[in-house]
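Here are a few exercises to work through with the model open beside you. Try each task before you read its solution.

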Amino acid sequence: MKAKKSENYLERKPLRKESIGWKTEENGFVTLEIENKGVFNRIAQKLFKKPKISYVHLDEMGSFVWPIMDGQKDITEIGKAVDGHFGEKAHPLYERLAKYFQILDSYGFIEWNNE
């Protein structure tokens, strides 16, 4: 039986989900537009006046990373771009990036390119 190769998290390639709308605001920050679908969301919209679309405003570093997540660049490559743009301000770099991608993944905002 062949041993499974352990995956290096930094070699994963994040990809924005196509269902997530987004735009870059005048200030350069990215806003994600999340459509609240499903039965429970419809009930909440009717009973509690919850919005059909939620807006998630990314911070400076998140706004830099979001557009370059194309499923081709791995986290290491994205980290080099972030380091080149923000320098020491982004450190501890890979710890911050790993947490950022874990959060995006937990909300279902990204997918992983498994090529």
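**Exercise 1. Find the residues that make the nonpolar surface patch of about 340 Å², and place Leu 47 in its element.**

Step 1. The patch is formed by Ile 43, Leu 47 and Phe 48. Patch members have over 30% relative accessible area and no salt bridge; like charges are joined within 9 Å, and nonpolar side chains (Val, Leu, Ile, Met, Phe, Trp, Tyr) within 5 Å. Areas follow the Shrake-Rupley method with a 1.4 Å probe, and for residues only the protein chains shown count as cover.

Step 2. Leu 47 belongs to helix H1, residues 39-48. Helices (H or I, at least four residues) and strands (E, at least two) are DSSP runs numbered from the N terminus.

Step 3. Leu 47 counts as exposed because its relative accessibility is 60%; buried means under 20%, exposed over 50%, and partly exposed in between.

A word on the source: this is a predicted model, where local features need pLDDT of at least 70 and side-chain atom pairs count only at pLDDT 80 or more, while totals for chains, interfaces and linings use all residues. Residues are numbered from 1 along each chain as its sequence is written, and side-chain values use heavy atoms, with hydrogens and water left out.

**Exercise 2. Work out which distant parts of the chain are linked by the salt bridge between Lys 23 and Glu 33.**

Step 1. The side chains of Lys 23 and Glu 33 meet at 3.8 Å, N to O. A salt bridge needs a side-chain nitrogen of Lys or Arg within 4 Å of a carboxyl oxygen of Asp or Glu.

Step 2. Lys 23 sits in strand S2 and Glu 33 in strand S3 (residues 30-35), 10 residues apart.

Step 3. Lys 23 is partly exposed because its relative accessible area is 39%. Glu 33, at 24%, is partly exposed too.

**Exercise 3. Do likewise for Lys 89 and Glu 60.**

Step 1. This salt bridge has an N to O distance of 2.7 Å.

Step 2. Lys 89 lies in the loop between helix H3 (75-86) and H4, whereas Glu 60 is in helix H2, 29 residues apart.

Step 3. With 54% relative accessible area, Lys 89 is exposed, while Glu 60, with 37%, is partly exposed.

**Exercise 4. Which residue forms a salt bridge with Asp 70?**

Step 1. The partner is Lys 73, with the closest N and O atoms 2.7 Å apart.

Step 2. Asp 70 is partly exposed at 31%, and Lys 73 is partly exposed at 29%.

Terms used
Buried means under 20% relative accessible area, exposed over 50%, partly exposed in between (1.4 Å probe, protein chains only).
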